[in-house]
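Got the model open? Let's take a walk through it, with the charged pairs up front and the greasy surface after that.

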Amino acid sequence: MPLRAHLRELRRRLTLIAVGLVVGTVVGWFFYDPVFQLLQRPILDVAARRGDTVSLNFQGVATAFDVQIKVSLFLGVLGTSPWWMYQLWAFITPGLTRRERGYAVGFIAAGVPLFLSGAALAFWALPNAVRLLTDFAPAETTNWVDAQLYLSFVMRIVLAFGVGFLLPVVMVALNFAGLVRARAWLAGWRWAVVIAFTFAAVATPTPDAISMIVVAIPICVLFFVAIGVCHLHDRRLDRRLVAQGLPRLDGTMPGEDADALGGGAAPGTA
């Protein structure tokens, strides 16, 4: 596809994502009350444990309305995750074969549970984070937590966890698109582990190491599982190319050693 066609396709997909988010936000508006009670539960638990005043504060006249819009949009992002994931996948399908386009079902089937699992893990880690941060307040003080700032903090953590768990799906999608081979992903495994634990340490600001490990280990496991899937895909493509008498994806012919020839990656691949 020429560049202009790619830009038109990108605009079309972004428009469809925006329409889906609007619909999801409207539906989320009607679930605001129970979700808000769920989001403020960590604050109420801290107040009950400390025996003093810790509560959310709506400072402005329109703050409650703004908060309801933000929470509704947050629910829209979660609820329409299958829709916008499919649009992202559909944007890259012009570069794939017809058979590879059929992997969209697998992409969505894997991406949605991973995204929602990351969001659920964030909800698990949230009470510990809220308890730790509110404990910095001196004794015999009143902790009025700004509702907008608190809910923005919660939504950022939940979405960050969800996107973090989507990393394997993105890795596989880039591999299927022919942009990155499994060997390239594997070469950066040390950095991936460091980034996973750093992300876990920032996302779970608690003094115990258990929370950080519980968050980091699944991300690392999913990273290596994605490398395995990419490796199987690369081997299948190599066998197909060899059967047609063509060079492998790394530019080598059957019987040649890519490392010995210095051809660890094909030209134009990462």
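Is Arg-12 buried, partly exposed or exposed? Arg-12 counts as partly exposed because its relative accessible area is 44%, where buried means under 20%, exposed means over 50%, and partly exposed is in between (1.4 Å probe, protein chains only). Before going further, keep in mind that this is a predicted model, where local features need pLDDT of at least 70, side-chain atom pairs count only at pLDDT 80 or more, and totals for chains, interfaces and linings use all residues. Residues are numbered from 1 along each chain as its sequence is written, and side-chain values use heavy atoms, with hydrogens and water left out.

So who does Arg-12 pair with? Its partner is Glu-9, in a salt bridge whose closest N and O atoms are 3.7 Å apart; a salt bridge here is a side-chain nitrogen of Lys or Arg within 4 Å of a carboxyl oxygen of Asp or Glu. Side chains of opposite charge can pair when their charged atoms come close. Glu-9 and Arg-12 are three residues apart in helix H1, so about one helical turn separates them. Helices, by the way, are DSSP runs (H or I, at least four residues), numbered from the N terminus.

Glu-9 has another partner too: it forms a salt bridge with Arg-13, and there the closest N and O atoms are 2.8 Å apart. Again the spacing is about one helical turn, because these two sit four residues apart in H1. Glu-9 counts as buried because its relative accessibility is 16%, and Arg-13 is buried as well. Put the pairs together and you get a network of salt bridges linking Glu-9, Arg-12 and Arg-13.

How many salt bridges does a search of the whole structure find? It finds three. Away from the network, the side chains of Arg-181 and Asp-234 meet in one, at 3.6 Å from N to O. This pair links distant parts of the chain, 53 residues apart: Arg-181 is in the loop between helix H8 (167–176) and helix H9 (182–187), while Asp-234 is in helix H11 (residues 209–243). Arg-181 counts as buried because its relative accessibility is 10%, and Asp-234 is buried because its relative accessible area is 5%.

Now for the greasy side. Val-19, Val-22, Val-23, Val-26, Val-27, Trp-29, Phe-30, Phe-31, Phe-65 and Ile-69 make a nonpolar surface patch of about 980 Å². Patch residues have over 30% relative accessible area and no salt bridge, and nonpolar side chains (Val, Leu, Ile, Met, Phe, Trp, Tyr) are joined within 5 Å, like charges within 9 Å. The areas come from the Shrake-Rupley method with a 1.4 Å probe, and for residues only the protein chains shown count as cover. H1 (3–29) and H3 (63–79) each supply at least two of the patch residues, and H1 gives the largest share, six. One of the patch members in H1 is Val-26, which is partly exposed because its relative accessibility is 48%.

H3 also has a buried side, with Val-67, Val-71, Phe-74 and Leu-75 among its buried residues.

Finally, how confident was the predictor? The chain averages a pLDDT (the predictor's confidence in each residue, from 0 to 100) of 77, and 76% of the residues score at least 70. Over residues 258–270 the pLDDT is below 50.

How values were computed: Contact = heavy atoms within 4.5 Å.
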